[in-house]
Amino acid sequence: KVILMAANGIDITLPSAAAGASFTIILTGDYDTAVCTVVQAAATEDFYGHVFFSESEAAATDGDTGASGDTKITFGAASKRGDRVELVSDGSVWYARAYAKNYAGIVFN
């Protein structure tokens, strides 16, 4: 499923993790006045994966990596229209691949 998310203070709570469930969440405008978040339904359904940034960033700049304990994905003040996160579940956790134009546009918390 594809979800188009407005760029001002939207919070999306995912359904419970289910094997094969997948979502692509796309930001439809540049950051405005409040961050947008994606959170899991249960505290044990952590996000694992990586954020990739555009080629305009310095080659030495690494993206954020999701790990155990990361319960939220935040589209922050540096987020731009078209930034996105792709999510797939194995039934217990969510695997994420995110793309952002700017460093720290998307972070795992």
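**Aromatic pairs, nonpolar core and loop contacts**

A search of the whole structure, which is a predicted model, finds four aromatic pairs, where the rings of Phe, Tyr and Trp (its six-membered ring) are paired if their centres lie within 6.5 Å, and where planes under 30 degrees apart count as stacked, those over 60 as edge-to-face and the rest as tilted. Residues are numbered from 1 along each chain as its sequence is written, and side-chain values use heavy atoms, with hydrogens and water left out. In this predicted model local features need pLDDT of at least 70 and side-chain atom pairs count only at pLDDT 80 or more, whereas totals for chains, interfaces and linings use all residues.

One of the four aromatic pairs consists of tyrosine 48 and tyrosine 95, whose ring centres are 6.4 Å apart and whose planes stand at 40°, so the pair is classed as tilted. This pair links distant parts of the chain, with tyrosine 48 in strand E5 (residues 47-53) and tyrosine 95 in strand E9 (residues 94-100), 47 residues apart; strands (E, at least two residues) are DSSP runs numbered from the N terminus. With relative accessibilities of 29% for tyrosine 48 and 42% for tyrosine 95, both residues count as partly exposed (buried means under 20% relative accessible area, exposed over 50%, and partly exposed in between, with a 1.4 Å probe and protein chains only). Phenylalanine 53 and tyrosine 103 form a tilted aromatic pair, with 5.4 Å from centre to centre and 50° between the planes. Because phenylalanine 53 lies in strand E5 and tyrosine 103 in the loop between E9 and strand E10 (106-108), this pair ties together parts that are 50 residues apart in sequence. Phenylalanine 53 is buried at 19% relative accessibility, while tyrosine 103, at 46%, counts as partly exposed.

The largest nonpolar core (a set of buried Ala, Val, Leu, Ile, Met, Phe, Trp, Tyr and Cys residues joined through side-chain atoms within 4.5 Å) holds 24 residues, of which Val38, Phe47, Ile73, Phe75, Val85, Leu87 and Trp94 touch the most other members. At least two residues of this core come from each of strand E3 (22-27), strand E4 (36-39), E5, E7, E8, E9 and E10, and E9 gives the most, with four residues.

Four strands are arranged as an open sheet in the order E2-E4-E7-E10, with mixed pairing, two strands being paired if DSSP finds at least two bridges between them. Strand E2 (11-13) and E10 stand at the edges with a single partner strand each, so one side of each is left without a neighbour in the sheet. E7 and E10 run antiparallel and are joined by three bridges, and isoleucine 73 stands opposite phenylalanine 108 in E10.

Serine 79 is placed in the loop between strand E7 (72-75) and strand E8 (84-89) and is buried, at 3% relative accessibility. A polar atom of the serine 79 side chain lies 2.7 Å from the backbone oxygen of glycine 76. Beyond its neighbours within four places in sequence, serine 79 is in contact (heavy atoms within 4.5 Å) with Leu27, Asp30, Tyr31 and Gly105. Aspartate 30, located in the loop between E3 and E4, is partly exposed at 42% relative accessibility. With residues up to four places away in sequence not counted, aspartate 30 touches Ala7, Ser79, Lys80 and Arg81, and a polar atom of the aspartate 30 side chain lies 2.9 Å from the backbone nitrogen of arginine 81.

How values were computed
Polar contact = N/O pair within 3.5 Å; in protein donor to acceptor, adjacent residues only side chain to side chain.
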